[in-house]
Amino acid sequence: FCRASDRIGVILLDQDSLNWAQKEMGWSWPWPREAYGVMLDYFTRASASSVAFDMIYSEPSIYGKQDDEAFAQALKRNGRAILAMHTKEMENKNQDTGPVQELASACAYIADITGTADSDGVYRRGACNNFDKSTLSYAGFLVSGELPSELVFSDKGGINIRYLEGLERFVPYKAMIILQSEYEIRKAEKQGLTLDESFFEEKGLLSPEQFKDNFVFFGLYAPGLFDICATPISASYQGVGVHISLLNTILEESWLFEFSSAVSIFLVVCGILL
């Protein structure tokens with residue numbers, strides 16, 4: 001049995017968040033990058049151990065240079081934010097797709113989100129490093145300085161991932177709740193109000209305190225926006241869930257060990273006899 005670590009915070013940009021942003025903020029998709037900076041400021045208040053964005057900001061913002069600048073400043077204020085890149089193997093070299101230079105120079109780390117499936121297309125193992133670049137799962141340990149005391153690797157390479165049923169086990173929060181909370185905090189600070197637990201309860205908001213020392217993951221969850229992949233427990237598992245599940249396996253030290261061929265054959269024979 002493996003539990004969902006209470007040190008993992010999951011934030012999803014879902015359809016409800018898209019609808020709210022369109023109605024209340026006038027944002028169409030893609031959102032302005034300033035929005036991610038607002039959420040990042042919230043987690044800076046929370047003293048989160050790391051904040052990883054499972055998105056590749058490979059092109060300049062369509063909202064203009066000032067939009068990238070706003071996000072870059074939030075990245076610098078945080079100091080523990082991780083952006084993503086993807087590596088594609090080409091002939092005799094690797095081709096990287098990563099964030100634009102302004103964001104790349106402002107974040108704490110650029111992690112590789114490239115995954116490797118088995119021959120049947122199923123993702124069973126995750127690496128700590130791909131092509132000499134730390135993966136999104138492991139980068140949180142690097143930027144926080146909290147390196148794991150133990151890692152158990154598979155004979156086939158990488159770490160066997162112990163998947164949970166789905167992201168709901170991590171009690172994910174909608175992106176709009178984080179934005180609403182940060183905007184209300186800013187408004188209250190200007191008014192000199194006390195930000196105690198009752199403040200957040202009355203407004204139905206989230207206190208940053210609950211994300212203290214969390215490894216936060218931000219991913220897309222609206223139809224048509226997020227990627228899916230095959231895992232041992234589901235043929236359509238959320239892509240960001242693979243990174244989260246690997247981190248959870250390490251944090252919980254919930255290692256999966258492989259049987260030898262002899263033991264596997266023995267178990268198959270026993271199953272046939274039964």
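Helices (H or I, at least four residues) and strands (E, at least two) are DSSP runs, numbered from the N terminus. This is a predicted model, in which local features need pLDDT of at least 70 and side-chain atom pairs count only at pLDDT 80 or more, while totals for chains, interfaces and linings use all residues. Residues are numbered from 1 along each chain as its sequence is written, and side-chain values use heavy atoms, with hydrogens and water left out.

**Exercise 1. Place Ile62 and state whether Ile62 is buried or exposed.**

Step 1. Find the element. Ile62 sits in the loop between strand S2 (50-53) and helix H3 (65-78).

Step 2. Apply the cut-offs. Buried means under 20% relative accessible area, exposed over 50%, and partly exposed in between (1.4 Å probe, protein chains only). Ile62 has a relative accessible area of 66%, so it is exposed.

Step 3. Check a distance. Tyr42 is 20 residues from Ile62 in sequence, and their C-alpha atoms are 24 Å apart.

**Exercise 2. Describe the surroundings of Ser134.**

Step 1. Ser134 belongs to strand S8 (residues 133-134).

Step 2. Its relative accessibility is 1%, so Ser134 is buried.

Step 3. List contacts (heavy atoms within 4.5 Å). Beyond the neighbours within four places in sequence, Ser134 touches Tyr109, Ala111, Asp112, Cys128, Asn129, Ala139 and Leu142.

Step 4. Look for a polar contact: a pair of N or O atoms within 3.5 Å; within protein, one must be able to donate a hydrogen and the other to accept it, and residues adjacent in sequence count only if both atoms are side-chain atoms. A polar side-chain atom of Ser134 lies 3.4 Å from the backbone oxygen of Cys128.

**Exercise 3. Do the same for Thr135.**

Step 1. Thr135 is in the loop between S8 and helix H5 (136-144).

Step 2. Thr135 has a relative accessible area of 5%, so it is buried.

Step 3. Leaving aside neighbours within four places in sequence, its contacts are Ala111, Asp112, Ala127, Cys128, Asn129 and Asn130.

Step 4. The Thr135 side chain reaches the backbone oxygen of Ala127 at 2.8 Å.

**Exercise 4. Summarise the whole protein.**

Step 1. Count the elements: nine helices and 13 strands.

Step 2. Judge compactness. The radius of gyration (over C-alpha atoms) is compared with the globule rule, 2.2 Å times the number of residues to the power 0.38. The value is 20 Å, close to the 19 Å that the rule gives for 274 residues, so the protein is as compact as a globular protein of that length.

Step 3. Add burial: 47% of the 274 residues are buried.

Step 4. Check contact range. Of the contacts between residues at least 6 apart in sequence, 77% join residues at least 24 apart.
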